[in-house]
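The following note is offered to a colleague who is meeting this structure for the first time. Its numbered points are intended to be read beside the sequence and the model.

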Amino acid sequence: MPTVTCACCGRPGNHKARGLTTACYTRHRVNHTLDRYPRTLGAAAAWTPVSARGRRLLAQYAALLAAKASPARIRWELSLGERQIQRYAAAHRHTQTTERSAAA
Ligand SMILES: [Zn+2]
């Protein structure tokens, strides 16, 4: 565990989360006052395909989605497993949100 200066009491100690040491984190968790200390990590970055095949599959996924293909049809067309389809769905949603925020 990395050592930090506690965001609550300013004493050095083992980092638990939110910039707090284990003792202060536990105390704030028990007292329901953890929201006074913001999370220090952002959301994990979305996976996006980098290979030519991956980008082709993502484009194909987007086209199938636009054509309102059923989930079974998308799985069949892309020849991917359920988990891979979920990854492409998340990557597709991610591109949609970044395009929207870029346009705004
Ligand atoms: Zn503390």
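**Note on the structure**

1. Lysine 68 is exposed, as 7 other C-beta atoms lie within 10 Å, and a residue counts as exposed at 12 or fewer. The model under review is a predicted one. Lysine 68 sits in the loop between α2 (52–66) and α3 (71–78). Although lysine 68 is not a glycine, its phi is positive, at about 55 degrees. This backbone value falls just after α2.

2. The helix before that loop, α2, consists of 15 residues. From its first C-alpha to its last, α2 reaches 21 Å, which is close to the 21 Å expected at 1.5 Å a residue.

3. How do α2 and α3 lie with respect to each other, at what angle do their axes cross, and within what distance do they come? Two packed helices are described by the angle between their axes and the distance between the axes. Here the axes of α2 and α3 come within 10 Å and cross at roughly 150 degrees. Angles over 145 degrees count as roughly antiparallel, and α2 and α3 are therefore roughly antiparallel to each other. Their crossing is right-handed. On the α2 side the contact is made by Leu57, Gln60, Tyr61 and Leu64, and on the α3 side by Arg73, Ile74, Glu77 and Leu78. An α-helix has 3.6 residues a turn, so residues three or four places apart point the same way.

4. The covering of α3 deserves a separate remark. Among the eight residues of α3, the count of buried residues is zero, and the helix is hardly covered. The residue that follows α3 is serine 79, which has a positive phi near 55 degrees.

5. Another positive phi should be noted at arginine 18. The value is about 55 degrees, although arginine 18 is not a glycine. Arginine 18 is placed in the loop between β2 (12–17) and β3 (20–21). Is this residue buried, partly exposed or exposed? Arginine 18 counts as partly exposed, because it has 19 C-beta neighbours inside 10 Å, whereas a buried residue needs 20 or more.

6. Finally, the overall division of the chain should be stated. The domain assignment gives domain 1 as 3–36 and domain 2 as 52–103. Taken over C-alpha atoms, the centres of domain 1 and domain 2 are separated by 41 Å.

Terms used:
Residues numbered from 1 in each chain as written. Predicted model: local features only at pLDDT ≥ 70, side-chain atom pairs only at ≥ 80, totals over all residues. Domains from an automatic or database assignment. Helix = DSSP H or I, 4+ residues; strand = E, 2+ residues; numbered from the N terminus. Expected span 1.5 Å × (residues − 1). Axes fitted to C-alpha atoms, helices over the stretch in contact; angles between N-to-C directions. Parallel < 35°, antiparallel > 145°, perpendicular 65-115°, else oblique. Left-handed = near helix turned anticlockwise from the far one by under 90°. Contact = placed C-beta atoms within 7 Å.
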